[in-house]
Amino acid sequence: MHAPHDRPDLLPSSDAGDLTGLTDPTGLLTLGWDDTWSSALVAATDLDPPPHERVARVCRAGRGTCDVLVAGASGPRTLTADWSPPLRRAVAADPTAVPAAGDWVLLDGTVDQGGHDPGDGARPGVALVLPRRTAVVRAQVAAGSSHEQVLAANADVAAVVEPMAPDVDLARVERLLALAWSSGARPVVVLTKSDLVALPDALRREVADVAPGADVHAVSAAGDVGLEPLRALLASGATVALLGASGAGKSTLLNALVGTDVMRTNALRTDGKGRHTTVTRELHLAPGGGAVLDTPGLRTVGLAGHEALDDVFTEIDELAAGCRFADCAHEHEPGCAVLAAVEDGDLPERRLLSYRKLLREAEHQAARVDARLRAEAAGRIKARTKAYRRQHVRP
Ligand SMILES: Nc1nc2c(ncn2[C@@H]2O[C@H](COP(=O)(O)OP(=O)(O)OP(=O)(O)O)[C@@H](O)[C@H]2O)c(=O)[nH]1
Ligand SMILES: [Mg+2]
Ligand SMILES: [Zn+2]
């Protein structure tokens, strides 16, 4: 999934166009669709012209069922769909095949264009999930499990949402940026609650220093300040996923961007831990185009891979080219250019420590995944051996 360097530029950066003036015969553009998705639909179904009238986008995912947005004749609306038997089988074989918020799915029946229920009370089924263009994936933290969970599917922009007050946590920004980069979406940092600090721009520049390659915006959803760049992204039709700790202000931001209070928000607990007000991942359409995907506060973010660390810590990656050993771990090797840069004051030590911590975690997670794959492979061999014995070794 990680391919930031050969990724096509999904969005115009500064002169983000808007959707007005484009014809939208299928109504799907409002949901975030584009021509590339039509090609993906042809490839997935072997149907040409593609069955646009059966396309829907997951706005809230559950177990066995999900809420989807469909393009009705009188505008987008939501319906509930059940997993079809083939989808159930696909999920049993691969947990990441679970429809996630933001996914494009094909329903097994035509979406009623009149905006009414079919009448017989039967729910549509989700026949298949189109291959994801991007995915924010976190390593599952449950004990004994090393599976990965899709937090947001098909986001064009992965927004790291971090509050300016009481404090910006640079290490958390770096961790979330690693998650954002590895998604394949364009990372941005949104610093919230700028109304609560005296010098928001100084803080913004400090964060920009640890976020190479990502735009950093200071906003106040409360005062509707600084939201223009995000509105421009949405107007270009982008899907923006909000990632951040509980209490960061994600749902408040969503409400400001969507223009109505679609998500409940809440005050921080006095211990500063936040309440985890949002408990579901939800996709909401913005009135001027685009969609915002709100997520529950991330308590722990296990990184599913370490490749993205080179995107987050670009200066360390560049310095490493000057290390004497190609496999230098920048711990205590002679001729290490990274350690030399710390020594000379060119690289903040905090940056190197943060990098090491994330790298260790990612390697630990990779080992757990390897262990699971080995265990699964062993299980399959055992099952085959048993089946073989039953057939061939009769007592
Ligand atoms: N002063 C100020 N407060 C804000 C701003 N944005 C959010 N808040 C407050 O921060 C608190 C938490 O906001 P939420 O939007 O619920 O945070 P969240 O990130 O959605 O939290 P979870 O749903 O738990 O993940 C609320 O009391 C908001 O009113 C802002 O721009 N300025
Ligand atoms: Mg929330
Ligand atoms: Zn080194």
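Which residue's side chain meets that of E174 in a salt bridge? The partner is R350, with 2.8 Å from N to O. This is a predicted model. The briefing below covers its nonpolar cores first and its salt bridges second.

**Nonpolar cores**

- The largest nonpolar core has 63 residues.
- W33, W104, L177, L179, V189 and V207 have the most contacts inside this core.
- Helix α3, residues 170-182, supplies the largest share of the core, with eight residues.
- Domain 1 (32-129) and domain 2 (135-294) both contribute residues, so the core lies between them.
- Another core lies apart from this one. That second core has 20 residues, including A159, V188, L254 and A286.
- In soluble globular proteins, nonpolar side chains tend to be buried together.

**Around L179**

- L179 is among the residues with the most contacts inside the largest core.
- Neighbours within four places in sequence are left aside here. L179 then touches V136, V137, R138 and L151. Its contacts also include L243, L298, V301 and L303.

**Salt bridge E174 to R350**

- The whole structure holds 14 salt bridges. The E174 and R350 pair is one that joins two helices.
- E174 sits in helix α3, and R350 sits in helix α10 (residues 349-392). The pair therefore ties together parts that are 176 residues apart in sequence.
- E174 is buried, because its relative accessibility is 0% and the cut-off is under 20%.
- R350 is partly exposed, at 31% relative accessibility.
- The pair belongs to a network. Salt bridges with shared partners link E174, E315, R350 and R351.

**Salt bridge R133 to D34**

- R133 and D34 form a salt bridge, and their closest N and O atoms are 2.9 Å apart.
- R133 lies in the loop between β5 (125-129) and β6 (135-139). D34 lies in the segment before α1 (35-45). The bridge therefore ties together parts that are 99 residues apart in sequence.
- Both partners are partly exposed: R133 has a relative accessible area of 27%, and D34 has 26% relative accessibility.

**Salt bridge D67 to R60**

- The side chains of D67 and R60 also meet in a salt bridge, at 2.3 Å from N to O.
- D67 is buried, because its relative accessible area of 16% falls under 20%.
- R60 is partly exposed, with a relative accessible area of 31%.

Conventions:
Residues numbered from 1 in each chain as written. Chains lettered and ligands numbered in written order. Predicted model: local features only at pLDDT ≥ 70, side-chain atom pairs only at ≥ 80, totals over all residues. Heavy atoms only, no water. Core = buried A, V, L, I, M, F, W, Y, C linked by side-chain atoms within 4.5 Å. Buried < 20%, exposed > 50% of the residue type's maximum accessible area, 1.4 Å probe, protein only. Helix = DSSP H or I, 4+ residues; strand = E, 2+ residues; numbered from the N terminus. Domains from an automatic or database assignment. Contact = heavy atoms within 4.5 Å. Salt bridge = Lys/Arg side-chain N within 4 Å of Asp/Glu carboxyl O.
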